[in-house]
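Good morning, and thank you for making time for this item. Please keep the sequence and the structure in view while I speak.

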Amino acid sequence: MKKFIYLSLIFLIAGCDKIENPIPVEEGKVDPGLCPEPVFTPNTYTKRNVLVEDFTGHYCNNCPSAAYSIDTLKANIGKQLVPVGVHVTSQFAAPQPSKAPKYQTDFRTAGGTEIKNNLAPTAGLPAVMVSRKDGFTSTPGRLNVYLSSLPTNVRSLLGDSPKVKLQTISTFDAATNRVCAFAEVEIMDNLTDDHSLVFMLLEDSVLDWQVYNGIGGKPSYTAGDIQNYVHKHVLRKIMNGWQGKKVITGGSVAIGDKIVEGATFVISDGSWRTDHLEVVAFVYNNRTKEVMQAYSEKL
Amino acid sequence: MKKITLLSLSILVGFSGFSQEKNSTDIGQIHGNVQTDVQYYNEDSLIGAPVVPEKMLMNGFANINYTRGNFAAGIRYESYLNALQGFPAGYRGTGIAYKYATYNIDNLEVTAGNYYEQFGSGMIFRAYEERQLGYDNAMDGFRLKYKPYRGVYLKGVYGKQRLFFGKGAGIVRGIDGELVINELSDSLELNMKTRIVLGGSFVSKYQEDDNQAFILPENVGAFAGRINLYRGGFSLATEYVEKINDPSADNGFIYKKGQALLLNTAYSQKGFGASFTAKKVDNMSFRSDRNEGQTNLFINYLPSTSKQHTYNLPATLYPYAVQPNGEIAFEGDVSYKIRRKRKKKIKIEGTDEYRKPFNLRKYSTEISVNWSAAFAPDTSIIANDSLRQGYTTNFFMPSRRIYFSDFNIEIKKKLTKDLKFVYSFFNMRYDKDIIEGKTGTGVVNARIHVLDVTYNIDDENTIRIEAQHLGVNKKDNFFEDEGNWVTGLAEYTISPNWFFAVLDQFNYGNSDSKKRIHYLFGSVGYIHNASRFSLSYGRQRAGIFCVGGVCRVVPASNGFTFTMTSTF
């Protein structure tokens, strides 16, 4: 009988999830008192921007070559290319205690890890996604492109007309360390799928250690441990969750409709250089995952 | 049930190896039953019969069970080609829907596969089948029953529930313990006049959180306690169940706890019986898939506290369906048998002869009075409900809104050796919006009279006639619904093989004169040993069919129906 009572108690404890607060806290939700919504002027920008997400890590010796390819493309293409450095995996991006004082910074983010695990789970580093578009490789569903085809893949999208237009107005308040980011999404096509908006907070040109094998990277770098490697466009925080917030319900919007959505984040890490911050916003198709438009804004 | 050779049952040969029986000549037994219902549908737009593309539909099943000693195994093969009108559309196709193997050893019973089970009154857990409703929430997994000590009964269940030919998304697990005080010792068994049974249960379900809008509990538990007392003709049974937060499509994804209390007391002695039931249900829809509806995947069963009628009009026009989201219900029932009384023969004056006096009490008379009512609970909506508790409830306080009430009286009287009648009166109040989930209808008040006369022509031939009338109250803001009905039934039985019946239902009081329709329906049946065949033809009106407070809507139909049942 005692055993039965014990078993019942185990059942009681294991079999119940008491939820105290059923509403999930919406990550990055703006408080109008702290982040007043700005007024957008008409968006005259008509090109499609391309989001390039580079999965990288400071202990990945091949990764500087991919970073240099993206950097070169950015220099040539300009505003239409929106690069993001996503540091991922414990193997390549975790701090290396045995190498102290080298490689002690952890650039990994929860959101970045979710992106890798969900969109390029089997890809080795470096791996690059071009607007998360499927079809650039011979493997259906593989979103990370062949690195040798990266420039071609990027350029293939530059002439497209955007299905949505996007512009952002973001601010940083040095007194409170608060970033307020707002985006205006303008519908340019008949959209039958749901679409979501993501806000990323980046820190550009972070100087820190990087291991390098001497192949394909910026010519000024030499093989070995590079102390002041320039980590560009480092993803620091996905402000409204890696899946973002659904802003378009398929079939329920019309061409010309405008949607304004915001996200906020308070920086608590004193090591971030707030004069190097960028906000990247992008809209993606929830079904295909393809990024339809992206926009980068320096703060 | 008969023994058959093992050679013809090669599928079950393997099972015999599990048996504890040592007798090699005992090859076990196979028994089972089969039923087939085939219905041919004519188009009949007048009565609103839906068009059936297949023209003909069929439901069928066959139970085949094998037993040998303390081992049993079996299957149920089912076919829905396609399911008869009114059955849940999920039943489609054929297959083995139920399979099990079970054995008993040393006070332990183990079942693998499908099984039905109930804890207490069923308010926390009941897996059962009601074939006429298309209801089947059989478990598929394991069940253990163990009696570790005299008077102590333990049960454990673990599995998924049947959903048509598949299984529900959630996992259900539960334990139940029952203590029969009187059985604990020989002394108690002999000397204790009051039988006391104590019980407790815990049931939990697991389902993945599949909702982005809310943080959903993946493990939802419910617990129950019960006490049953019996002494002489008196009995008292009560059970309380509580369920933790279980947001679901049924309750609008609120996180309020669920509660149910059932109290049932009865007294009976020769010629007299009385019972009273009180029940409170609050937010007690408990399914293994929070997104399901209809009668799919209920873990628990909420007992009905209204009388289940058998006569056509009271049974199918306004029957009550238990409201799992909340109700407070009561039922009282009294039955009394007026004993027969013999009168002495009266001497005819001036002669030596005697005559039989008129004696209305030559045969007994039975009178039953029943009342039941279900009320909406007294609740208050919570404003600014950020915790999604929904509302608060006064525990056993009904509100003024009556979902349903039914006062009925039945008098059974045998007039002669061969003639008897039953008269019944029903006064029902039926909130159509709530019970049928409609909007803009209203509350129906129906008064029904039924006269049922049976005459035994001889030992083999019997005729039975029913006359029924339903009148709706058109005053006091009651909803007229389809208006008045009259029903006539004539049934002729030639024992033991044949029966014939003709039924006509006439909606003579419908406010729409085009709908004043006769629903004429005839049937003939033949019974031979353990097999029964029946063929029917005619119109059947739309209605609601309920068993034990669980209901399904039956659409109107016109056509032939063939039914065959057989047991072996």
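The largest nonpolar core contains 66 residues, and those touching the most other members are Val52(A), Ala181(A), Met200(A), Val280(A), Ala281(A) and Phe282(A). I should say at once that this is a predicted model. In soluble globular proteins, nonpolar side chains tend to be buried together.

Let us take one of these residues. Which residues does Val280(A) touch, not counting those up to four places away in sequence? They are Val82(A), Val84(A), Met200(A), Leu202(A), Ala294(A) and Ser296(A). Met200(A) is thus named both as a contact of Val280(A) and among the core residues that touch the most other members. Another core lies apart from this one; it has 63 residues, including Val241(B), Leu302(B), Ile435(B) and Val450(B).

I turn next to a helix of chain A. Helix H2(A) covers residues 63-77. Its 15 residues, at 1.5 Å a residue, should span 21 Å, and the end C-alpha atoms are indeed 21 Å apart, so expectation and model agree. Buried in this helix are Cys63(A), Pro64(A), Ala66(A), Ala67(A), Ser69(A) and Ile70(A). What do these buried residues pack against? Their partners in chain A are four strands, namely E1 (50-56), E2 (81-87), E3 (127-130) and E7 (206-212), together with helix H5 (150-158). After H2(A) comes Gly78(A), with a positive phi near 85°.

Now to chain B as a whole. Its secondary structure consists of four helices and 33 strands. The radius of gyration of chain B is 27 Å, close to the 24 Å that the globule rule gives for 568 residues, so chain B is as compact as a globular protein of that length. Its C-alpha trace spans about 85 × 70 × 60 Å along the principal axes. Of the 568 residues in chain B, 31% are buried. Among contacts in chain B with a separation of 6 or more, 58% join residues 24 or more positions apart.

Finally, the domains. For chain B, the domain assignment gives domain 1 as 1-41 + 50-99 and domain 2 as 106-303. Taken over C-alpha atoms, the centres of these two domains of chain B are separated by 27 Å. How many residues does each domain of chain B bring to the contact? Domain 1 supplies nine residues, and domain 2 supplies nine residues. On the side of domain 1 of chain B that touches domain 2, five residues are nonpolar, three are polar and one is charged.

Thank you; I welcome your comments.

Conventions
Residues are numbered from 1 along each chain as its sequence is written. Chains are lettered from A and ligands numbered from 1 in the order in which they are written. This is a predicted model: local features need pLDDT of at least 70, side-chain atom pairs count only at pLDDT 80 or more; totals for chains, interfaces and linings use all residues. Helices (H or I, at least four residues) and strands (E, at least two) are DSSP runs, numbered from the N terminus. The radius of gyration is taken over C-alpha atoms; the globule rule is 2.2 Å times the number of residues to the power 0.38. A residue is buried if 20 or more other C-beta atoms lie within 10 Å of its own, exposed if 12 or fewer, and partly exposed in between; C-beta atoms are placed from the backbone. Two residues are in contact if their C-beta atoms, placed from the backbone, lie within 7 Å. The expected span of a helix is 1.5 Å times one less than its number of residues. Domain bounds come from an automatic or database domain assignment. Ala, Val, Leu, Ile, Met, Phe, Trp, Tyr, Cys and Pro count as nonpolar, Asp, Glu, Lys and Arg as charged, and the others, Gly among them, as polar. A nonpolar core is a set of buried Ala, Val, Leu, Ile, Met, Phe, Trp, Tyr and Cys residues joined through C-beta atoms within 7 Å.
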